[in-house]
Structures are given as C-alpha cells and as structure tokens.
Amino acid sequence: MWVRRGFFAWLFPAAIVLPVWLVVGWAIFNASGWAFLGTIFVAAPAVFAGELIVALLIRSRPAVRASRAVSWWDVLWVTVWHGLVIALGCFFQTSFALILVCAILGFLALFWSSLAQLWAQARNSFARLWPSVAGSDAPDGGTDVDREARHGRVIVVTEADRPGDGRSPR
C-alpha cells in the first residue's frame, strides 16, 4: 500500500520535476542547440501538460480519493512513462528517436488506462445513483402482466383540451 500511496503523492511534483530534468539532462549530456530548442518549446511543456492531465484523471477517481492510493495499473504505466521520460532526458544519440516514440506510446497507454478506470468507476456510481441507467426501462414488447410485475401498476391520465389553453386540437 505504501508504494501506491507514494505514487499518489508523486503525481503533481512529477509535473515540475520531469520537465526540469529534461532541461538539466540537456546540459549534463551536452546535447545540441536544436535539442535545447526542442526541449524548451516542445518536450518540457508536453511533459508538463501530460503530467497534469494524467494526475487529474487519476486523482478524480472515487476509489483513489478515498484510499489516497493509485491502482496497480497506474503504478505500472506511471513507472513506464516516467522511466522513458528520464531516459529521454539522457539524450542518447543512437536511440533518441526510439525512446521518444516509446515515451509517447507510454503516455497514451497511461492516459487510456486512467480514462478506462475512471469510466468504469463512474459507470458504477451512476448505476447506484440512478438504477434506470444500468438497464433500460423502455418497453421491450413484453406483455402488460410482465411490465406490471416489473414496474407496478401504471395508470395513464389524459387531460381534456380546454378552449383557449394554447394547445392545438387533436
């Protein structure tokens, strides 16, 4: 549980630390000037925005808010993505493009995993709040006895038209 809680606490600081690491890594590993421009104007803002989006998606789930711990799927995908971003900041000349593509794919996997978990928990919440969301109450062609057994007796009251009430006559 402490690992999952650690990841929960790390989500927002990572939005600052990882983009800064990209700039520091550029300086440490003597990358080119073009790499600096790409880091400052593309990579660091993209990592910052991606971190905030993922952190908000993960923290918006009811189970995460209640336990203050992320799921194991979140631990897996956050570890993969952060590891790839850290490797990207090392500016390896021979494998930079491969690491960049893997980092983008890692972010997409984390994003869709978080979105799927949020959707699953939200669907369960809606089903608890409004039972009609879980299944349709539309007539299914069953007999009146079946519908009455399911929904109770239904009485339909129609209102008689009065002259001058603004409705069109039938």
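Visitor: Is V17 buried, partly exposed or exposed in this model?
Guide: The model is a predicted one, and V17 has a relative accessible area of 41%. Buried would require under 20% and exposed over 50%. V17 lies between these cut-offs, so its class is partly exposed.

Visitor: Which helix holds V17, and which helix gives the largest share of the nonpolar patch?
Guide: V17 belongs to helix α1. The patch is made up of I16, V17, V20, V24, I28, F29 and F48. Five of its residues come from one helix, spanning residues 2–28, and that helix is α1.

Visitor: How much accessible area do the residues of that nonpolar patch have together?
Guide: V17 is one of the residues in the patch, with 41% relative accessible area of its own. Taken together, I16, V17, V20, V24, I28, F29 and F48 have an accessible area of about 580 Å².

Visitor: What secondary structure does the protein chain have as a whole?
Guide: The elements run α-α-α-α-α-α-α from the N terminus. Strands number zero, and the helices come to seven.

Visitor: What share of the residues in the protein chain is buried?
Guide: A residue counts as buried at under 20% relative accessible area. The protein chain has 170 residues, and the buried share of them is 27%.

Visitor: What part of the exposed area of the protein chain do carbon and sulfur atoms supply?
Guide: The protein chain exposes about 11,400 Å². Of this area, carbon and sulfur atoms supply 70%.

Visitor: Among contacts between residues at least 6 apart in sequence, what percentage joins residues at least 24 apart?
Guide: Contact here means heavy atoms within 4.5 Å. Among the contacts between residues at least 6 apart, the part that joins residues at least 24 apart is 71%.

Visitor: Is T39 buried or exposed?
Guide: T39 sits in helix α2, residues 33–59. With neighbours within four places in sequence left aside, its contacts are L22, V23, A44, P45 and F91. The relative accessible area of T39 is 4%, under the 20% cut-off, so T39 is buried.

Visitor: How far apart in space are P45 and A15, C-alpha to C-alpha?
Guide: P45 is a residue of helix α2 and is partly exposed, at 36% relative accessible area. Outside its neighbours within four places in sequence, P45 is in contact with T39 and I40. A15 is 30 residues from P45 in sequence, and their C-alpha distance is 9.6 Å.

Visitor: Which helix gives the most residues to the lining of the largest pocket?
Guide: The largest pocket holds about 440 Å³ of space. Its lining has 23 residues, and V42, A43, L88, F96 and L100 are the closest to the centre. Helices α2, α4 (72–88) and α5 (96–129) each supply at least two lining residues. The greatest contribution is nine residues, from α2.

Visitor: Which two side chains meet in a salt bridge?
Guide: Side chains of opposite charge can pair when their charged atoms come close. The count of salt bridges is one. The N to O distance is 2.3 Å, and the side chains are those of R61 and D74.

Visitor: Are R61 and D74 buried or exposed?
Guide: R61 is in the loop between α2 and α3 (62–67) and D74 in helix α4, 13 residues apart. The relative accessibility of R61 is 1%, and the value for D74 is 0%. Both values are under 20%, so R61 and D74 are buried.

Visitor: What is the phi of F91?
Guide: Most residues other than glycine have a negative phi. F91 lies in the loop between α4 and α5 and is buried, at 9% relative accessibility. F91 is not a glycine, yet its phi is positive, at about 50°.

Visitor: What distance separates the C-alpha atoms of R68 and A9?
Guide: R68 is in the loop between α3 and α4, with a positive phi of about 55° although it is not a glycine. At 51% relative accessibility R68 counts as exposed, and R68 touches R5 and F8, residues up to four places away in sequence not being counted. A9 is 59 residues from R68 along the chain, and their C-alpha separation is 8.4 Å.

Terms used: Residues numbered from 1 in each chain as written. Predicted model: local features only at pLDDT ≥ 70, side-chain atom pairs only at ≥ 80, totals over all residues. Heavy atoms only, no water. Helix = DSSP H or I, 4+ residues; strand = E, 2+ residues; numbered from the N terminus. Buried < 20%, exposed > 50% of the residue type's maximum accessible area, 1.4 Å probe, protein only. Patch = residues over 30% accessible without salt bridge, like charges linked within 9 Å, V, L, I, M, F, W, Y side chains within 5 Å. Areas by Shrake-Rupley, 256 points an atom, 1.4 Å probe, with all protein chains shown as cover. Salt bridge = Lys/Arg side-chain N within 4 Å of Asp/Glu carboxyl O. 1 Å grid on protein atoms, 1.4 Å probe; cavity = no way out; pocket = protein on both sides within 12 Å on 5 of 7 lines; lining within 4 Å. Points joined across faces, edges and corners; volume = space filled by probe spheres on them.
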